[in-house]
Amino acid sequence: MPVAGWVVIGIVIFLVLVFFGIYNSLVGLRNGVKNAWAQIDVQLKRRHDLIPNLVETAKGYMKFERETLEAVTKARNIAQQSSSAGAAERSKVESELSSALARLLVVVERYPDLKANQNFLALQEELTSTENKISFSRQYYNDSVLQYNNRTQMFPSNIVANMANFKSGEFFEITVPEEKAVPKVSFQ
Amino acid sequence: MWEQISFNQRRSVILSIGMGVILVLLGYFLGSHFFDNGIAGLVVALIVWGIMNLVAYFQGDSILLSVSHARKISRDDHPRLYNVVEEMKIASGLGKMPDIYIIDDPALNAFATGRDPNRASIAITSGLLQKLNRDELQGVIGHELAHIKNRDVLLMAMAGVLLGTIVILSWYASRFLIYGGTTRSRRSSSQGDSGQIIILVVALILMILAPIMAQLLYFAISRKREYLADASSALYTRYPEGLASALEKLAASTTQLQSANQATAPMYTVNPFRSHGKAASDLTSTHPPISERIRILRSMVGASYVDYEKAYRQLHKGKGVVPASAVSAVGAVPLVPVKPETMVEEPAEVERSRETSDVMWHLSNYKTIPCECGIKLRVPPQFKAEKVRCPHCGRILNVRDQS
């Protein structure tokens, strides 16, 4: 066989190895994204589980805030029903739940008795921490998605990504509309 | 993602090799002097080092924790601390939740230890737990988890063992030399006297210099790790101000940690031995000066490694602390703009102290019985009676059904 033949074979083998290398790293990144998504999912579920308890505890103290409480329960039920939806859909419903909760916690400020309740305090700590965990897992997820998307779109890994059908990942955002500040009463 | 292992490996391997060379030279020359055989000395040095490494690898974390009188806590003991650690675990993408320990000490400090991310622990003093609010606690815990994630804990343990071996060998050798005399001098040797003297001189110089050199190398390794852990903490929390303000509180405190010693010092967030108001000197400190760390964190304009690197370079000309691989990893990372007010009202410092002291009593098996008059009774585990009278209001309280 002529030298050129060997060179061609060598190049082909080299390209195949590069292909496998890129393919494997893409799979690794995609699994990282999936894993990060599972983390968010755990925390969102945890929030859904906490809310009935919170509402139940708050009910006894907050006679005049039925609407606020119902809004939270409703948003929670909707969010729970769409728990198998994609990232974009869930972003929407979870954002609504977040803002309903934020409204509730603003209202809580008016009920000192409720704020002194040990059970409520424990629930509040759990809820705060769960909100934090949601935002940290979201942060980690979005960074994983960014890294994965960058690889699927950049040369030369985009060639492998297109051939093996690696789709771009969806970002997950929870946006709470800016709460209007509670009007301050001043005694002057 | 976000692991800075390769950076650790390259730079630290060079430094570790430096320390290893010192150990080898020391062993060889001590061997030539005492046993008339350099290789024998080398073998002894390596065996001592090997045994210490094995101990450090398998038992290092438990030894360190028990020396520090650290106590393991569960989620129910201190939900806030547990939650903050879990939050940071999620933010760092660490696979497994580390064990959490509390050290009953008014000094302000924290450390991480362990072998790898699957077997890691973090310990925090009760004093620190009382002083820090949630954001600050996140910053400190983020820093400790970064040590675990970046594999610093094992590296520092191994480097510490290497340093320890060199110090121990030099110490014993110098005692032998001073008090024991040498077997060498009584033997007739085929070599000339000048050969002996050269070996003796080299051995002496090494005995004096080796511990110092090894210590300097060790400090160089550990200081880099601190900067990098600060950078990682800022990246995890997206809020460098939290760690900065925690460091400020640490710097202001003058209480020395009782259970720390020179060997465990590098493990802590800040050097437990620094005296008040004294910025650590450049070469001989395990930790960079706190004021400098605070200034870097405060001048960050984003939360990424790039931003930390920029902030660092404003203070130091020349080489930065963050590896090139990390700089290019993820694009711009914005800071949390203004910290949204935490939804929960932060427990005030008095509340936090009560909370923490409750945990400490509970960990010593004391029962806490709240009385209706508003005071809390602490009942020691030796107390066997079923009822106790409240010393304040005289009510009779049941001991049994309290936890």
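Select B:Arg238 to start: this residue sits in the loop between α7 and α8 (240-252) of chain B. Helices here are DSSP runs of H or I with at least four residues, strands are runs of E with at least two, and both are numbered from the N terminus. B:Arg238 is not a glycine, yet its phi is positive, about 60°. Most residues other than glycine have a negative phi, and most peptide bonds are trans. Is B:Arg238 buried or exposed? B:Arg238 is buried, because 20 other C-beta atoms lie within 10 Å. The cut-offs are these: a residue is buried with 20 or more other C-beta atoms within 10 Å of its own, exposed with 12 or fewer, and partly exposed in between, the C-beta atoms being placed from the backbone.

This is a predicted model, in which local features need pLDDT of at least 70 and side-chain atom pairs count only at pLDDT 80 or more, while totals for chains, interfaces and linings use all residues. Residues are numbered from 1 along each chain as its sequence is written, and chains are lettered from A and ligands numbered from 1 in the order in which they are written.

**A second arginine**

Go next to B:Arg151, in the loop between α5 (134-149) and α6 (152-180) of chain B. Its phi is near 60°, again a positive value in a residue other than glycine. B:Arg151 counts as buried, since 20 other C-beta atoms are within 10 Å.

**The sheet in chain B**

Now show chain B as a cartoon; it has 12 helices and eight strands. Four of the strands form an open sheet in the order β1-β2-β4-β3, with mixed pairing. Two strands pair if DSSP finds at least two bridges between them. Colour β1 (70-73) and β3 (110-116) of chain B: these are the edge strands, and each pairs on one side only. From one strand to the next the twist averages 25°; axes are lines fitted to C-alpha atoms, for helices over the stretch in contact, and angles run from 0 to 180 degrees between N-to-C directions.

Select β2 of chain B, residues 99-103, which pairs with β1(B) in the antiparallel sense over four bridges. Which residue of β2(B) is the bridge partner of B:Ala70? That partner is B:Ile103. B:Arg71 stands opposite B:Ile102. β2(B) also pairs with β4 (residues 119-125) of chain B, here in the parallel sense and over five bridges. In that pairing, B:Ile100 faces B:Ile122 of β4(B). Four of the five residues of β2(B) are buried.

**A hairpin**

Move along chain B to β5 (residues 367-370) and β6 (residues 376-379), which run antiparallel and are joined by four bridges. B:Thr368 has B:Arg378 as its bridge partner in β6(B). The two strands form a hairpin with five residues between them, and B:Gly374 in the turn has a positive phi of about 105°.

**The nonpolar cores**

A nonpolar core is a set of buried Ala, Val, Leu, Ile, Met, Phe, Trp, Tyr and Cys residues joined through C-beta atoms within 7 Å. The largest one has 102 residues, and B:Leu26, B:Ala123 and B:Ile166 have the most contacts inside it. Helix α7 (residues 193-237) of chain B gives the most to this core, 17 residues. Two residues are in contact if their C-beta atoms, placed from the backbone, lie within 7 Å. Select B:Ile166: leaving aside neighbours within four places in sequence, its contacts include B:Ile22, B:Leu26, B:Ala210 and B:Ala214. Another core, of 16 residues, lies apart from the largest one and has among its members A:Val93, A:Leu97, A:Leu101 and A:Leu104.

**Chain A**

Hide chain B and look at chain A, which has six helices and zero strands. Its C-alpha atoms fill a box of roughly 95 × 35 × 25 Å along the principal axes. The radius of gyration of chain A is 25 Å, where a compact globule of 188 residues would have one near 16 Å; the radius is taken over C-alpha atoms, and the globule rule is 2.2 Å times the number of residues to the power 0.38. Of its 188 residues, 31% are buried.

Zoom in on A:Pro156, in the loop between α5 (118-153) and α6 (157-163) of chain A. The peptide bond from A:Phe155 to A:Pro156 is cis, with omega near 0°.

**Where the chains touch**

Show both chains again. The contact takes 19 residues from chain A and 15 residues from chain B. On the chain B side, seven are nonpolar, four polar and four charged. Here Ala, Val, Leu, Ile, Met, Phe, Trp, Tyr, Cys and Pro count as nonpolar, Asp, Glu, Lys and Arg as charged, and the others, Gly among them, as polar.
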